[in-house]
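Biologist: I would like to go through this model with you. Let me ask how each label was earned.

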Amino acid sequence: MLALRLAVLSIGAALGVFYPFISVILADFGFGPAEIGLIASAGAVGFTLIVPVWGHVADVRMGRTRTLQVSAVGASAAVGALAFSWPPLVIALLFMAYWLFESAWAPLADALTVNAVGRREYPRVRLLTSLSFAASTVAAGALFDRVGYGAAFPVAVALGIVIVLTVGRVPDVARADLTRGDLALADAGRQIGHRTRPGDAGSRLGSAGVAIRVAPRLMVVLGAVVLLQIGVISGFTFLPLRLAELGGSPSDVALSAGVSATAEIPAMLVASRVAERIGLRGMFVGSAVIYLVAQLSWIWIGDPTLIITTRLLTGVSFAWITVAVVLTIARLLSAELQATGQALFQTLGFGVSAIVANVVGGLPYDRIGHGAVFGLGASLAAAAAVLGWFAFPPERVREWAVASAS
């Protein structure tokens, strides 16, 4: 599984040198907070529409490795074009193109990982993305301190090429045949014997429709995720601006993202044991409470160093949210529908949530201030904890393994 580990390392590094700096790079291009929120929301709309397509193409048409390679090439081309001089509208469109192609990376990488190593080992492989993300973000911040944000573009392109080369060697499972009736597992863990027909809703919606029909509980799970992710993404978008307002440098912005990603590593290492003890429901609800506390602290803290310290909490929370959702999808759907299921997670958790977070967050941040944005995020985290308690499966991961073996 060396190829898989190299692939997830390269994805984390490619994200780390660019993604945490998007809002401040846009500000460096001359965009204000409301305009940044609008651009990010427009990108999120495209993200929301395209991610289910990526999942369908990967599961049914091209396979997961080839689709991931195509998305890496497209994202690299969009970032590379930003190195040249363009009018503001073209700059905004290039950022949106980056989001469209990059949107495939996480769901396809998660699908490949779960299929290759299983639920129990997934966190140990996934932590490599956090490790490379943290290291590359901190290194990039130091580089940008010296030469400016323009260096982000060639570095991100180079790492995109590395993704293409490493992913090509990752093994993949067979593509899904949507006319088969054994593609998905029901919520109770039983095989579904239904055979899809061309006129079925599942067929009209492609592999996403099949996944939703055979695992209706999935949409309730993702509803809780949306509530929580609105606050998570508002932190991604607006916390760097808050740090800049308080006098933070590019390396402070990088350190904020790097500290969070670093905290994900030990959290991922113990995630399987935590899931065995308190279940994925307890893991998700606990993560929501952690994010609630962090969002409230950002309202009152006025020191960049203290804000960066709180990112230790959000790193643990983000890691456990990811594990709880990815493994719940792995429990509900079969291997052949994993890209589709993980794409639905990205669509709602990072697409729909980002639209709401950036539209609802940009204007209040501009007119009222950071407290309005982070206060809303804390309230939604509380609502997510309540819904998540009812939505996520109460069983522990060890019990799932016993059930599947019997």
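Modeller: Start with the fold. The chain holds 15 helices and 0 strands. The model is predicted.

Biologist: What share of the residues is buried?

Modeller: Buried residues make up 58% of the 406 in the chain. The cut-off for that label is under 20% relative accessible area. As for the surface, the chain exposes about 15500 Å², and carbon and sulfur atoms supply 68% of it.

Biologist: What share of the contacts joins residues 24 or more positions apart?

Modeller: Among contacts with a separation of 6 or more, such pairs account for 84%.

Biologist: Take helix 6. How do you know that helix 6 falls short of a straight helix?

Modeller: Compare two spans. Helix 6 covers residues 105–147, which is 43 residues. A straight helix would reach 63 Å at 1.5 Å a residue, but the end C-alpha atoms of helix 6 are only 28 Å apart. Helix 6 also has a kink of about 120 degrees, centred on G118. Just after helix 6, G148 takes a positive phi of about 95 degrees.

Biologist: D110 sits in helix 6 too. Why is D110 called buried?

Modeller: D110 has a relative accessible area of 6%. The limit is under 20%, so D110 counts as buried. D110 touches Y122, R126, V326 and Q342, leaving aside residues up to four places away in sequence. The C-alpha atoms of D110 and G341 are separated by 10.0 Å, with their positions 231 residues apart along the chain.

Biologist: Now helix 12. What span does helix 12 reach, and what is expected?

Modeller: Helix 12 (residues 304–332) has 29 residues and reaches 42 Å from first C-alpha to last, close to the 42 Å expected. Helix 12 does bend, by about 25 degrees at L313.

Biologist: What makes helix 12 largely enclosed?

Modeller: The count of buried residues. In helix 12, 23 of the 29 residues are buried, so the rest of the structure largely encloses it.

Biologist: Which atoms meet at the start of helix 12?

Modeller: A side-chain oxygen of D303 comes to within 2.8 Å of the backbone nitrogen of T305. A polar contact needs N or O atoms within 3.5 Å.

Biologist: How many salt bridges are there?

Modeller: A search of the whole structure finds 3.

Biologist: Why is the pairing of R64 with D59 called a salt bridge?

Modeller: The closest N and O atoms of R64 and D59 are 2.9 Å apart. The cut-off is within 4 Å, so the pair qualifies. Both residues are buried. R64 itself has 0% relative accessibility.

Biologist: What else does R64 pair with?

Modeller: R64 forms a salt bridge with D172, at 3.0 Å between the closest N and O atoms. R64 lies in helix 4 (residues 64–81) and D172 in the loop between helix 7 (152–167) and helix 8 (201–204), so this pair ties together parts 108 residues apart in sequence. D172 is partly exposed, with a relative accessible area of 31%.

Biologist: Where do R242 and E245 lie, and what links them?

Modeller: Both lie in helix 10 (residues 217–245), 3 residues apart, about one turn of the helix. Their side chains meet in a salt bridge at 3.6 Å, N to O. R242 counts as buried at 10% relative accessibility, whereas E245 is partly exposed at 49%. Elsewhere, salt bridges that share partners join D59, R64 and D172 into one network.

Biologist: Why is T48 called buried?

Modeller: T48, in helix 3 (residues 33–62), has 15% relative accessibility. That is under 20%, so T48 counts as buried. The T48 side chain reaches the backbone oxygen of G351 at 3.4 Å. T48 touches T347, G351, V352 and I355, not counting residues up to four places away in sequence.

Biologist: And N358, in helix 13: why is N358 called buried?

Modeller: N358 has 3% relative accessibility, so the buried label applies. With residues up to four places away in sequence left out, N358 touches G37, A40, S41, I233, T237 and F238. The C-alpha atoms of N358 and I36 are separated by 8.2 Å, though the two residues are 322 apart along the chain.

How values were computed. Residues numbered from 1 in each chain as written. Predicted model: local features only at pLDDT ≥ 70, side-chain atom pairs only at ≥ 80, totals over all residues. Heavy atoms only, no water. Helix = DSSP H or I, 4+ residues; strand = E, 2+ residues; numbered from the N terminus. Expected span 1.5 Å × (residues − 1). Bend = angle between axes of the 7 residues up to and from the residue. Buried < 20%, exposed > 50% of the residue type's maximum accessible area, 1.4 Å probe, protein only. Polar contact = N/O pair within 3.5 Å; in protein donor to acceptor, adjacent residues only side chain to side chain. Contact = heavy atoms within 4.5 Å. Areas by Shrake-Rupley, 256 points an atom, 1.4 Å probe, with all protein chains shown as cover.
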